[in-house]
Amino acid sequence: MDAFIVITLIKLALIAFVLLTAVAYLQWVERKVIAHIQVRPGPYRVGPHGLLQPLADVIKLITKEDMMPSYVNKPLYLFAPFIAVAMALLSIAVIPFGPTIEVAGYQTWMQLTDLNIGVLFILAASSMGVYGIALAGWASNNKYALLGGLRSSAQMISYELPLALAVASPLLVSNTLSLRKLVGSQEGGILHWNVIGGGQIVAFLVFVIAAFAETNRVPFDLPEAENELVAGFHTEYSSMKFAAFFMAEYLNMVTVSCMAALLFLGGWDAPWAPEHGSRFVPSIIFVIAGLTALYHGANPPHKLDRYTFTAFGLIFLVLAAIFVAPIVQSWLLPLFWFVAKAGIILFAFIWIRGTLPRFRYDQLMGFAWKFLFPVAMLNLLVTSFLIAWFA
Amino acid sequence: MSEPGVPGQFTATLERDQPETGPRRMILNMGPQHPSTHGVLRLLIELDGETITHCEPDIGYLHTGIEKECEVKTYQQAVTLTDRVDYLAPLSNNLAYCLAVEKLLQLEIPPQAQWMRVMLAEFTRLNSHLVWLATHAIDIGAMSVFLYCFREREEILRIFEMFSGQRMMTSYFRIGGLALEPPRGWYQRVKKFIDIFPSRVDEYENLLTANPIWIGRTKGVGFISLEDMLDLGVTGPMLRAAGLKIDARKDRPYSSYDKFDFEVPTRTANDVYARYQVRIEELRQSAKIIRQAMEGMPSGPWKADDPHVVLPDREKMKTQMEALIYHFKIVTEGFRVPEGEVYHVIESPRGELGYYVVSDGTATPYRVHMRTPSFGNLQAVPTMVEGILIADVIASIGSMDFVLGDTDR
């Protein structure tokens, strides 16, 4: 029993550390990708290619003066960012990142805790997250923040319905609510994944669209529509309290991306069997990336890139070597596939932000209720009929 | 149309109609420091939910006193002030002012200078429209278009810098012609830009024109009847988007615009989308005019032949006594302009830009008044935004394309 506690504590620390770093670097990736979409270099000054920029941002946000307007509703004003970030962190607890591993003789899952109702738990936690934003908007006692908070509560409640309906169909196909068993039911390559094998492509698309709205991302970023509502619900928040909302948004992005990977894309399951070559895919990708970086290191576009690109190239090559080592392959490969799948969806988040304009409030609601909701409903009905028919 | 408010009593005007008890409508103060009011416009908005029931614009936060200041400058010095009126279209303002004063002086401008003025005025139109498209797009949430537009604008500013040494406040036009001839290599740079520019406009259109979200946000939004617009003094692309083919470049050609072949684009939908289409088409037409001007540029002098008004060449000034005296006189006390008054209208990127200049026979203008398009266009705000959503206010304001410096002279 003691070992269980120790292992859980280690996992807790590890997941919290990796996740928060990942969130910080997700922001770096977002800034870089958007910058390249928009023909500019993006962060470049702090560290090589701006790699230390997240650290600098964190230091800046922590040391900034924390201003609190005198007319706010103090308890709620202070409580709101806490709810937002706590609920975002909470949902990560039930997400499995890979299969079992053996640590010092103990079998354990790459997951903090396996609830048998994991999916419901995530939905509940994300619903609670709305309170953070709605209360922030209300407690700020600011008209722009209030409008932002109102929009956000309406939006998130509306989009939760299609989201939940879209989630329900793969649950029917896999016949479980536990995220771990969901992945287990999709094992055996790309043809067995819910998105293809389960015929849930429609549910997948509805899920992704609703996820954009749930996380307040472009084109659904109305609660913080800068050009209309200044900064929306976090207008009156500064310093770390602002950072908490920011973090919550990115954590939510990570959660929904993981959800999409788990529910529809087979979780950590490789697209085809490792014996038939899929175990070499990570190594091949890293070798290509490493050689590209080495080539650019040899022909540096900027003076310092001679060293930075070479270093990146070598790191990639070492990673490629690690991925072919048989000892670690058993747990590194699933992790790779999981991160790759979630990463592709996260990239889509960023890509869309660089491309699309924003919906109007009424159009957004119309889209949720008149299009997404019926489509998700129909999909659920058809899925359940088919399952009843063939079962 | 809404009633004009009492200056300084906006909030009182708004709260007068509010019930003592029961639900009251929210009054939102938008601006003067707001990301989307394009400068320092202040809008007092009365909201019912997110629907606007009443709106009163408040201007004057960028009052510069340029009109008054012109009265203590010589005619030539005042050119540099006109740049600062509409800082997105400095050369259009230079042009209107110079044309007005030249009309008083009855100066004959050589054809090459005229063509060059047309070319640069069209570059100004590109510059202004690009900034408009950039800010309009980012207001509606399309972030990348903003930076794509600024990429092209940067090249235009470099082209400006190359001939005048300044990126924005070029002050390149002189009364009687141009300050200098363009430097070597300038035409090649213009050609390179003009060759690539139409494909860049296609790029913006790819992102926006057929985008369902963009269409949803702009089509049918910001309607205001043509009669109302004419009553309020709205001009420029907004009228053309309502189907009225009005353009000073065609109707009252100045600076040899009649020698160029171009279309005046019109649409009839009279909404934000139509205004967007009209301006995008104007980008293409302006590029066409610039190409024509570049290819058919006549040869000849850069300045009018009037030693009383136009500064002599540097070379002559250093070698000839007479030229030196003229130079000294013009620089120290300016030139006298015959008594009279004149009003000259050009088509600026924003609409009808008129300069009214009164001379009392001395070397400084007695009065300079600008009929600026931004001021007229801004009058349409209350009528246009009443009854629409707060998000549409941003789109509507963006489609008007006003510059606050141009409004508060």
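**Exercise 1. Surface of chain A**

Task: Determine how much accessible surface chain A has in this predicted model, and what share belongs to carbon and sulfur atoms.

Solution. The first quantity is the total, and the accessible surface of chain A amounts to about 18,400 Å². The second is the share by atom type: carbon and sulfur atoms hold 75% of that surface. For the interior, turn to the residues: of the 391 residues in chain A, 50% are buried.

**Exercise 2. Fold and dimensions of chain A**

Task: State how many helices and strands chain A contains, and judge its radius of gyration against the globule rule.

Solution. The count of secondary structure gives 13 helices and two strands in chain A. The radius of gyration is 22 Å, and the globule rule gives 21 Å for 391 residues; the two values are close, so chain A is as compact as a globular protein of that length. Along the principal axes, the C-alpha trace of chain A spans about 65 × 60 × 50 Å. Turning to contacts, take those in chain A with a separation of 6 or more: 77% of them join residues 24 or more positions apart.

**Exercise 3. Charges of chain A**

Task: Find how far apart the mean positions of the positive and negative charges of chain A lie.

Solution. Chain A carries 22 positive and 20 negative charges. Their mean positions are 7 Å apart.

**Exercise 4. Cysteines**

Task: Establish how many disulfides the whole structure has, and whether B:Cys55 and B:Cys149 are buried or exposed.

Solution. The search over all chains returns zero disulfides. The relative accessible area of B:Cys55 is 1%, and that of B:Cys149 is 0%. Buried means under 20%, so B:Cys55 is buried, and B:Cys149 is buried as well.

Terms used: Residues are numbered from 1 along each chain as its sequence is written. Chains are lettered from A and ligands numbered from 1 in the order in which they are written. This is a predicted model: local features need pLDDT of at least 70, side-chain atom pairs count only at pLDDT 80 or more; totals for chains, interfaces and linings use all residues. Side-chain values use heavy atoms; hydrogens and water are left out. Helices (H or I, at least four residues) and strands (E, at least two) are DSSP runs, numbered from the N terminus. The radius of gyration is taken over C-alpha atoms; the globule rule is 2.2 Å times the number of residues to the power 0.38. Buried means under 20% relative accessible area, exposed over 50%, partly exposed in between (1.4 Å probe, protein chains only). Contact means heavy atoms within 4.5 Å. Accessible areas come from the Shrake-Rupley method with a 1.4 Å probe; for residues, only the protein chains shown count as cover. Lys and Arg count as positive and Asp and Glu as negative; His and the chain ends are not counted. The place of a charge is taken as NZ of Lys, CZ of Arg, CG of Asp or CD of Glu. A disulfide is a pair of cysteine sulfur atoms within 2.5 Å.
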